[in-house]
Amino acid sequence: MGPLNSCDDLPVTSSPQPPSAPTETPGHSDHAHVGHGHDHGQDQSPPPQGHSHGHSHSHGPAAPVSKHLRKVIAAVLIPFAVAVFVGMVVLWPGGAPAHERSGVGFDRQTQQGTVVALEQVDCKSVNASQVPTTGSVSTPEGREARAQQTGDCKKATVEVGTGPDKGRTFVEIVQPGAPRQLEEGQEVVVAYAPDAPRDLQYSVVDVNRKLPLAVLAGIFAVAVVVVGRMRGLFALIALVVSFGVLTLFILPAILQGSNPLVVAVVGASAIMLIALYMCHGLSARTSVAVLGTLVSLLLIGLLGSVFVDWAFLSGNTDDNTGLIHGLYPDIDMSGLLLAGVIIGSLGVLDDVTVTQTSAVWELHQADSSMGSRALYRAAIRIGRDHIASVVNTLVLAYAGAALPLLLLFSIANSSMGSVANSELVAEEIVRTLVGSIGLVASVPVTTALAALVVSADRPGSPAGAAASGPVRGGRGRRRKR
């Protein structure tokens, strides 16, 4: 049962012995030993049964708060959860709308295939109709044209492995300078154009990467479970549920024409509730993290809406967004951009808010005499370190994703001002800065909420007495060992 209890933050309300159990020396108040019993070494009696793991207090179950505070938290979160549920029911799309394939980009029919034969051929013999436009090799076009006439090409015979034409073969010519080179026996993805002439209906568009990706995902899942045990397993389940909400609700609802911002807020809230409570347990500590995340998401949505409109960001900046707008012209592309900002910030927000609430709870368990101000001051110092690392992580993540684009601007010797002013880069700047502001704000907001909640408990309450007994017993047992 040890690993199971270490994987969530469920309040330990049923397993502790009653407060009258011999867990402290008579004459000393409960308040005097919640934070300092392990320093005085006064707990010499054996701990209550079922709490051999009580000494592991660094990331163990959170001490339950008073009944009154639980009611206050429930009064806030239950209506919020009901509103999220109702919103999902009202906006539920029932699947993505059907459309006629355009055959452009990702919107084309694809099948699986295998390279069954590969031979070297003279590029001039297979590119006879492609006469070089220029003899100069100083331009990319000239170099490519010259290579197509003088180099060695590959003639690949590809067999279609799926679909109505399974077993059919076609020929694919691979130029010497092509970024994607083929090998015999390699599995590939082929595009199918039914309206094209028979000899041109199939073409190789990509290689099949399913096996290495599946192996990598398996290694990731094993590592998470081995290190995180049951908590890691619940995190994986929450990850699957999050992808389910994204693919079954958020994306189809946007395609059906619902407001992307509303869909993103409802979907992100559902992901937040499921992921946080599944990974960290149904406790007051998790509830405070949910509240802090919710406030930060609202701030990100507000700031994002203001600056997306103010900067005149259309959200239609590349071939993919252009294709989406062409297929579904009713979709609000700027709203789609804002929805991406909210969903992209959610994962890091969860990390920050959970860390801050855990810090406040552990500080309170270490010294229950600390008031809300002292708890806030102590925990905010941890939060400042977290802010610095998280903001840097966000900026570098976006810079890494846009590295080819930034390299093109560098090659063109564009000034920093002109680079930042282009809509493609301005979108990433707004996305990064709005998300970072929400992350920075989540630290003081969540820390303040946690400090107020945990310090509002009465030391003499039944919940506090029940929670303090096992903790002191566990610590005393550890000192005896």
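Let's start with Arg209, which is partly exposed, at a relative accessible area of 42%. Its partner is Asp206: the two form a salt bridge, and their closest N and O atoms are 2.9 Å apart. Asp206 is partly exposed as well, with a relative accessible area of 26%. If salt bridges are new to you, the idea is simple: side chains of opposite charge can pair when their charged atoms come close. And please keep in mind throughout that what you have in front of you is a predicted model.

How many salt bridges does the count come to? The count comes to 4, and I'd like to show you two others besides the one we just met.

Have a look at Asp165 and Arg168. These two form a salt bridge, with 3.5 Å between the closest N and O atoms. Is Arg168 buried or exposed? Arg168 counts as buried, because its relative accessibility is 14% and the cut-off for buried is under 20%.

Now go along to Glu428 and Arg431. Here the salt bridge has its closest N and O atoms 3.4 Å apart. Where do these two residues sit with respect to each other? Both are in helix α14, which covers residues 423-455, and because they are 3 residues apart, about one helical turn separates them. The two partners fall into separate classes of accessibility: Glu428 is partly exposed at 23%, whereas Arg431 is buried at 16%.

Let me step back to the whole protein for a moment. The protein has 15 helices and 5 strands. There are 481 residues, and 39% of them count as buried. The accessible surface comes to about 25700 Å², and carbon and sulfur atoms hold 63% of that. Then there is the question of who touches whom. Taking the contacts with a separation of 6 or more, 75% are between residues 24 or more positions apart.

Two pairs give you a feel for how sequence and space compare. Gly87 is one to find on your screen, in helix α3, residues 67-91. How far is Gly87 from Val265 in sequence, and how far in space? In sequence they are 178 residues apart, and in space the C-alpha to C-alpha distance is 9.7 Å. Gly87 itself is buried, with a relative accessible area of 14%.

The other pair is Leu327 and Leu255. These are 72 residues apart in sequence, with 9.8 Å from C-alpha to C-alpha. Leu327 belongs to helix α9, and with a relative accessibility of 29% it counts as partly exposed.

While helix α3 is fresh in your mind, let's turn to the surface. Ile78, Val82, Phe85, Val86, Val89 and Val90 together make a nonpolar surface patch of about 590 Å². Take Val82 as a member to look at: it is found in helix α3, and it counts as partly exposed at 45% relative accessibility.

There is a charged patch to see, too. Which residues form the positive surface patch? They are Arg373, Arg377, Arg381 and Arg384. Arg381 lies in helix α11, residues 372-401. With a relative accessible area of 51%, Arg381 is exposed, so it passes the cut-off of over 50%.

I'll finish with two residues to check in the backbone. One is Arg229, which has a positive phi of about 55° although it is not a glycine. Where is Arg229? You will find Arg229 in helix α6, residues 210-255. Arg229 counts as exposed, with 52% relative accessibility.

The other is Phe312. Phe312 is not a glycine either, and its phi is positive, near 55°. Phe312 sits in a loop, the one between α8 (284-310) and α9 (319-327). Is Phe312 buried or exposed? Phe312 is exposed, because its relative accessibility is 73%.

So if you want a short tour of your own, begin at the Asp206 and Arg209 salt bridge, move to the nonpolar patch that includes Val82, carry on to the positive patch that includes Arg381, and end at Phe312 in its loop. Thanks for listening, everyone!

Technical notes
Residues are numbered from 1 along each chain as its sequence is written. This is a predicted model: local features need pLDDT of at least 70, side-chain atom pairs count only at pLDDT 80 or more; totals for chains, interfaces and linings use all residues. Side-chain values use heavy atoms; hydrogens and water are left out. Patches are made of residues with over 30% relative accessible area and no salt bridge: like charges are joined within 9 Å, nonpolar side chains (Val, Leu, Ile, Met, Phe, Trp, Tyr) within 5 Å. Accessible areas come from the Shrake-Rupley method with a 1.4 Å probe; for residues, only the protein chains shown count as cover. A salt bridge is a side-chain nitrogen of Lys or Arg within 4 Å of a carboxyl oxygen of Asp or Glu. Lys and Arg count as positive and Asp and Glu as negative; His and the chain ends are not counted. The place of a charge is taken as NZ of Lys, CZ of Arg, CG of Asp or CD of Glu. Helices (H or I, at least four residues) and strands (E, at least two) are DSSP runs, numbered from the N terminus. Buried means under 20% relative accessible area, exposed over 50%, partly exposed in between (1.4 Å probe, protein chains only). Contact means heavy atoms within 4.5 Å.
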